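Work through the exercises below with the sequence and the model open. Each task is followed by a solution in steps.

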Amino acid sequence: MGERVRRIRREFTSTAALVLVAYSLYRSVAYASYVTNFGGYADALGYVSTIPFMAGASAGNLASSITVLVLYLKGRLKPYALDYKAPLAVLALTYCIVALFPHAVNSPLSLLVLGLVWGLAATVASIAFIELLAYGGSTTALIVQLAASSLLSAVVSLAVDGLPGTVGSVLCVAIVVAVAPLMALCRKRVEPYRVESDRSASFKETLRGSATPIMACAFFELITGLVNMYAYCSASSFTISTQAPVEGMVICAVLVTLFVFVTNRAPNQRTVYLLVFPAVIAVFLLLPFFSDVLSKPISTIIYSAYVFTSMLSTFCYVVACREARGGVYGIAALSSAVVRACLVVGLVLGWCFGNLTEGETFMHLSVVCVVCVYVLGMVVLLWSYKSVREKHVEVVVRRVPETFEESVTARADELVEEFGLTSRERDVLVGLAHGNTAASIADDLYLSTSTVQGYVKTLYAKLGVNRKQQVIDLFSPKRAGD
């Protein structure tokens, strides 16, 4: 265990720790402002915002996400250039207004406007903070960042929740003010890792590598909106534990941290796609089918599954961005837009079912429909993934007939498993094992030489070497058999 801890500490640099703090503090404020409507109002269900605020937040989120996506695809957004100061200032100012005039923000219209402001500002800031996670090369450090940020966010949320309304608002404003210079420092630290790439090509490659997690989160949000609106309109009997979100964040942080320290590696993406996402989404479907007696403990389990899905989705598409050597703005904005669009669809469905006189039968039917669509989507995506893999294998078989090539491939697979290498890093590793130069590898992989040099630098760090001959030595028969 001691060696595992030391290895993780080597991968978890001081810059990664700084990014973790900034990301955690922002997540705490964004969560607190969403749930409490900037400290002015709390819904009776406890774990979600009011429906008017949620509707406004969805509209603002969609507007911001689509704008960021379009600007990114048109080349208007360079790496580490997305504005975060204005959105943070808007969040802080809104907190102050709500604290000074609490009685003016309890009408449905004012809550709708507050939600719209939150959606416009928080979405842009969130994408800017997620970008910080994409600079590193270690997937282990990334999943530790995400897990630890959930734990720290839960701690801050509990602290804010235990304070009087005005005091809590002041604390949130202070955190927002402190996060701005911290964000500037983080960007300064990660700026040297900026990689220029073909924007459209990298976005398409990233999307291929992260379509499944985006879909998983989207369907989770659809069911979330459906269940919440149905409960709101029909005065449903099932209830939500008021501490379910915080408990869910803590549970996920503990589970993911234990997994990393026991296995000393990040989650395998293929396992996440095939097993974890379908399983955790299935858990969420339990809520409408349970009575008052079980709904509160079940709600904690369900929210844990929700947080787990969001965390792993972010992990998967950030890793996909790293492999494609592209910016995170496009895929993060697309993910945010798709997720919120599904939330809106869920809200509309929940309103329709909640106003029908036949009762919970329609609720159950709607959930079954969502499950069927989700399963169909999984089948289509996995079938496509299988077809791509089979084509790749056919190409490899034609180009690699020699025994030496087979031994290099087998050894590369061992090193991928041992050091948590990405698929693109594996390709560069095989090229280095053959003694090829960065330029030669770049030609084979249809990448730029500078991009391959970036992969080589990351590989050296992960493998604990500092020159190409040491990489070749890892493939020698004597070393491979040790």
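Buried means under 20% relative accessible area, exposed over 50%, and partly exposed in between (1.4 Å probe, protein chains only). The model is a predicted one: local features need pLDDT of at least 70, side-chain atom pairs count only at pLDDT 80 or more, and totals for chains, interfaces and linings use all residues. Residues are numbered from 1 along each chain as its sequence is written, and side-chain values use heavy atoms, with hydrogens and water left out.

**Exercise 1. Backbone angles in two loops**

Task: Find where N37 and Y80 lie, give the phi of each, and classify each as buried or exposed.

Solution. Step 1: Y80 is located in the loop between α3 and α4 (85-100). Helices (H or I, at least four residues) and strands (E, at least two) are DSSP runs, numbered from the N terminus. N37 belongs to the loop between α2 and α3.

Step 2: Most residues other than glycine have a negative phi. Y80, not a glycine, has a positive phi near 60 degrees. For N37, also a residue other than glycine, phi is positive and near 55 degrees.

Step 3: Y80 has a relative accessible area of 12%, so Y80 is buried. N37 is buried too, because its relative accessible area is 1%.

**Exercise 2. Overall composition and confidence**

Task: State how many helices and strands the protein has, what share of residues is buried, and which pLDDT the protein averages.

Solution. Step 1: There are 19 helices and 0 strands. Of the 482 residues, 50% are buried.

Step 2: The exposed area is about 22,000 Å², and carbon and sulfur atoms supply 66% of it. Accessible areas come from the Shrake-Rupley method with a 1.4 Å probe; for residues, only the protein chains shown count as cover.

Step 3: Take contacts (heavy atoms within 4.5 Å) with a separation of 6 or more: 84% of them join residues 24 or more positions apart.

Step 4: The average pLDDT (the predictor's confidence in each residue, from 0 to 100) is 77, and 75% of the residues score at least 70. Residues 43-47 have pLDDT below 50, and this stretch has 14 contacts in the model beyond near neighbours in sequence. Residues 478-482 stay under 50 as well, with 6 contacts beyond four places in sequence.

**Exercise 3. Aromatic pairs**

Task: Count the aromatic pairs and decide whether Y26 with F129 is stacked or edge-to-face.

Solution. Step 1: Rings of Phe, Tyr and Trp (its six-membered ring) pair if their centres lie within 6.5 Å; planes under 30 degrees apart count as stacked, over 60 as edge-to-face and the rest as tilted. The structure holds 6 such pairs.

Step 2: The ring centres of Y26 and F129 are 4.7 Å apart and the planes are at 5 degrees, so this pair is stacked. Y26 is in helix α2 (residues 14-36) and F129 in helix α5 (residues 108-133), so the pair ties together parts 103 residues apart in sequence. Y26 and F129 are buried.

Step 3: For Y34 and F53 the centres are 5.9 Å apart and the planes are at 70 degrees, so the pair is edge-to-face. Y34 lies in helix α2 and F53 in helix α3 (residues 51-73), so parts 19 residues apart in sequence are tied together. Y34 and F53 are both buried.

Step 4: One aromatic cluster is formed by Y34, F38, F53, Y95 and W118.

**Exercise 4. Two helices and their surroundings**

Task: Determine how many residues of α15 are buried, and which residues L132 contacts beyond four places in sequence.

Solution. Step 1: Helix α15 (residues 423-433) has 9 of its 11 residues buried, so it is largely enclosed by the rest of the structure. Among the buried residues are R424, E425 and R426. Just after α15, G435 has a positive phi of about 85 degrees.

Step 2: L132 is part of helix α5. Its relative accessibility is 0%, so L132 counts as buried. Leaving aside neighbours within four places in sequence, L132 contacts V19, M183, C186, R187 and V190.

Step 3: L132 and V318 are 186 residues apart along the chain, and their C-alpha atoms are separated by 9.9 Å.
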